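Please examine the structure shown below together with its sequence. The paragraphs that follow lead through it step by step.

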Amino acid sequence: MTFIRFFLPLLKNTYKTKIMVKDTHYCRYYMRIPLKDVTPELETAEVIGWVHEIRDLGGLAFYILRDRTGFLQAAVIKKKAPEAVLIAAKEVSRESVVRIKGVVKESDKAPGGREIIPESFEIISKAETPLPLDVSDKVLAEVDTRLDNRYLDARRPKVAAIFQIRNAATHAINDYFYNEGFINITTSKIVAAATEGGTELFPIAYFEKEAFLNQSPQLYKQMMMAAGFEKVYEIGPIFRAEEHNTTRHLNEATSIDVEVSFADHNDVMDLLENVIIAAYENVDKTCSDAIETLGVDFSVPKKGFPKLTYAEAIDIAAVSIEEDIAYGDDLSTSAERAIGEEMGEHYFITDWPTSIKPYYAMPYENEPEICKAFDMMHPRMELSSGAQRIHQHDLLVEQILQKGMSPEGFEFYLKPFKYGMPPHAGWGVGMERLIMTMLDLPNIREAVLFPRDRHRVTP
RNA sequence: GCCCAGUUAGUGUAGUGGCCUAUCAUGCAGCCCUGUCACGGCUGCGACACGGAUUCGAAUUCCGUACUGGGCGCCA
């Protein structure tokens with residue numbers, strides 16, 4: 001019986017057309033109405049949701065139901081309600097899943113101007129008490145408690161809103177690349193050696209071989225340039241085994257990685273701006289409810305991010321921070337912040353010293369001490385780094401040696417440079433940082449469903 | 001890797017040697033309540049991370065252990 005009730009609509013689209021309301025996004029597959037679509041015009045409705053709050057006034061009790069679309073109040077009038085409704089209403093706990101059928105009434109006293117008067121009230125899945133955290137936000141839990149109970153935490157509209165927005169951003173980025181003729185690739189996350197340098201890798205057991213989780217798809221993107229794919233991108237996980245413990249680092253992050261042949265650093269900086277703006281624009285266009293739920297100031301950045309050379313950035317930092325900073329130093333966190341404050345919007349730092357950028361960054365022909373590498377910054381932090389890459393085999397080997405690394409270690413990477421490697425450029429953007437800065441989230445863990453940090457491997 | 005801080009009911013907290021039989025809020029249970037929307041009222045339930053030391057007396061001081069948060073470095 002249950003089987004028929006659930007699956008008949010799939011086979012026979014006309015069944016129960018009365019509640020097959022306009023929004024096919026939510027309705028096509030279920031015999032229920034999303035809560036936001038419940039209106040008095042329906043007269044009757046069957047809804048399923050979580051019991052968000054219970055307010056028992058004595059002769060009258062209110063049950064606030066919640067699903068991903070919103071809230072609906074069910075009003076149980078104890079003198080009039082059927083016995084079975086009273087029993088279930090008494091029995092139910094907060095955060096239980098319930099199915100309610102009843103009459104929908106207009107009421108200016110009810111939230112959203114309408115409420116449902118249950119004629120049946122079925123507890124589909126009862127929630128135990130006490131709950132590990134308060135979904136209704138009366139007592140805010142700490143991030144750690146929330147992450148331990150992420151499935152409950154994510155029931156909170158504010159949390160759901162973040163991932164709705166992340167979805168819209170990801171979708172826009174994929175769309176942008178697709179429309180621009182990029183090929184979406186996926187590359188292996190299991191690698192044989194520390195190829196890029198500069199960061200610690202997680203060792204893994206790979207049968208009888210030594211292997212690691214990849215820190216970046218960099219080398220693979222470049223190999224696909226040699227393959228003639230011309231424009232590739234990948235949105236995927238990267239792993240860094242650094243023991244940092246901060247609100248802006250993850251040991252597993254999502255990288256939006258791009259590589260373009262026959263392009264230089266300026267071309268891909270232009271591309272980067274477009275991608276960031278496309279993400280913001282789609283969020284702006286499709287997520288106004290989520291933005292409102294989060295209560296953040298949201299504005300789409302304007303095309304033409306200011307460009308600062310590394311030397312100029314150092315000058316700004318030198319006058320605004322206490323600590324000593326000189327040409328050739330990496331930009332410290334406090335320097336980054338000081339420059340960000342000065343800039344007040346997204347910006348690029350270009351023309352970095354070759355000595356502090358990875359070996360694959362292309363030095364300027366006339367001034368090889370600096371290279372065609374750039375960082376793209378949000379006032380709060382670094383979002384992206386990229387460069388025109390070295391495509392000449394011998395120059396690459398020279399740079400690797402200069403960094404004190406051994407070319408023998410990654411012959412598989414160098415070999416493609418011998419057989420027709422086009423000039424190319426690319427970048428990587430931290431997805432979580434993009435979302436974090438977009439929504440002004442205090443902690444990067446808020447931008448991932450299941451963050452992996454120094455201590456956390458569950459859930 | 002270096003440095004700092006923390007751990008008290010399910011959740012979030014108060015607490016600086018005796019007034020702690022541990023505060024408050026939320027939650028939960030019971031009773032009252034027909035328009036709540038942070039419903040309200042009354043009663044109750046529920047916690048000092050672990051081990052050791054100091055002391056007449058330790059949630060509070062000291063040592064160790066475990067766990068956690070944060071800053072820096074490095075980076076996305």
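In what order do the 3 strands of the open sheet lie, and is their pairing parallel or antiparallel? In this predicted model, the order is 7-9-8, and the pairing is antiparallel. Strand 7 (190-191) and strand 8 (203-206) form the edges, each pairing on one side only. Strand 7 is joined to strand 9 (residues 209-213) by 2 bridges. Within that pairing, I190 has L213 of strand 9 as its bridge partner.

The sheet belongs to chain A, which contains 14 helices and 16 strands. The C-alpha trace of chain A spans about 90 × 55 × 45 Å along its principal axes. Of its 459 residues, 50% count as buried. When contacts between residues at least 6 apart in sequence are considered, 63% of them join residues at least 24 apart. Chain A exposes about 22900 Å², and 52% of this area is supplied by carbon and sulfur atoms.

Helix 11 (residues 333-343) offers a view of the packing. Its buried residues are A335, E336, A338, I339, G340 and M343. An α-helix has 3.6 residues a turn, so residues three or four places apart point the same way. The buried residues of helix 11 pack against helix 10 (310-320) and against four strands: strand 12 (307-309), strand 13 (347-353), strand 14 (370-378) and strand 15 (381-388). Just after the helix, G344 adopts a positive phi of about 70°.

A second helix shows how one side chain is enclosed. L434 lies in helix 14 (residues 431-438), and this leucine counts as buried because its relative accessibility is 0%, where the cut-off for burial is under 20%. Beyond its neighbours within four places in sequence, L434 is in contact with I173, I256, I276, Y280, L383 and V429. By contrast, the C-alpha atoms of L434 and D394 are separated by 36 Å, the two residues being 40 apart along the chain.

Among the strands, strand 1 (residues 44-56) contains H52. This histidine has a relative accessible area of 7% and is therefore buried. Its side chain forms a polar contact of 2.7 Å with that of R66. Residues up to four places away in sequence aside, H52 touches I64, R66, F71, R94, E95, V135 and S136.

Attention now turns to the nucleic acid. There are 52 residues around RNA strand B, and those that come nearest are R55, D56, K109, H244 and T333. Of the RNA atoms that come within 4 Å of the protein, 58% belong to sugar and phosphate. Two side chains illustrate the approach to phosphate oxygens: an N or O atom of E243 is 2.7 Å from one, and a polar atom of R248 lies 3.1 Å from one. At P132, a backbone N or O atom lies 3.4 Å from a sugar or linking oxygen of RNA strand B.

Which elements supply at least two residues each of the surface near RNA strand B? They are strand 1, strand 2 (60-67), strand 3 (70-77), helix 4 (143-148), helix 11 and strand 15. The largest share, 4 residues, comes from strand 15, which is also one of the elements against which the buried residues of helix 11 pack. By class, this surface has 20 charged, 17 polar and 15 nonpolar residues.

How values were computed
Residues are numbered from 1 along each chain as its sequence is written. Chains are lettered from A and ligands numbered from 1 in the order in which they are written. This is a predicted model: local features need pLDDT of at least 70, side-chain atom pairs count only at pLDDT 80 or more; totals for chains, interfaces and linings use all residues. Side-chain values use heavy atoms; hydrogens and water are left out. Buried means under 20% relative accessible area, exposed over 50%, partly exposed in between (1.4 Å probe, protein chains only). Contact means heavy atoms within 4.5 Å. Two strands pair if DSSP finds at least two bridges between them. A polar contact is a pair of N or O atoms within 3.5 Å; within protein, one must be able to donate a hydrogen and the other to accept it, and residues adjacent in sequence count only if both atoms are side-chain atoms. A residue is near a molecule or strand if one of its heavy atoms lies within 4 Å of it. Ala, Val, Leu, Ile, Met, Phe, Trp, Tyr, Cys and Pro count as nonpolar, Asp, Glu, Lys and Arg as charged, and the others, Gly among them, as polar. Accessible areas come from the Shrake-Rupley method with a 1.4 Å probe; for residues, only the protein chains shown count as cover.
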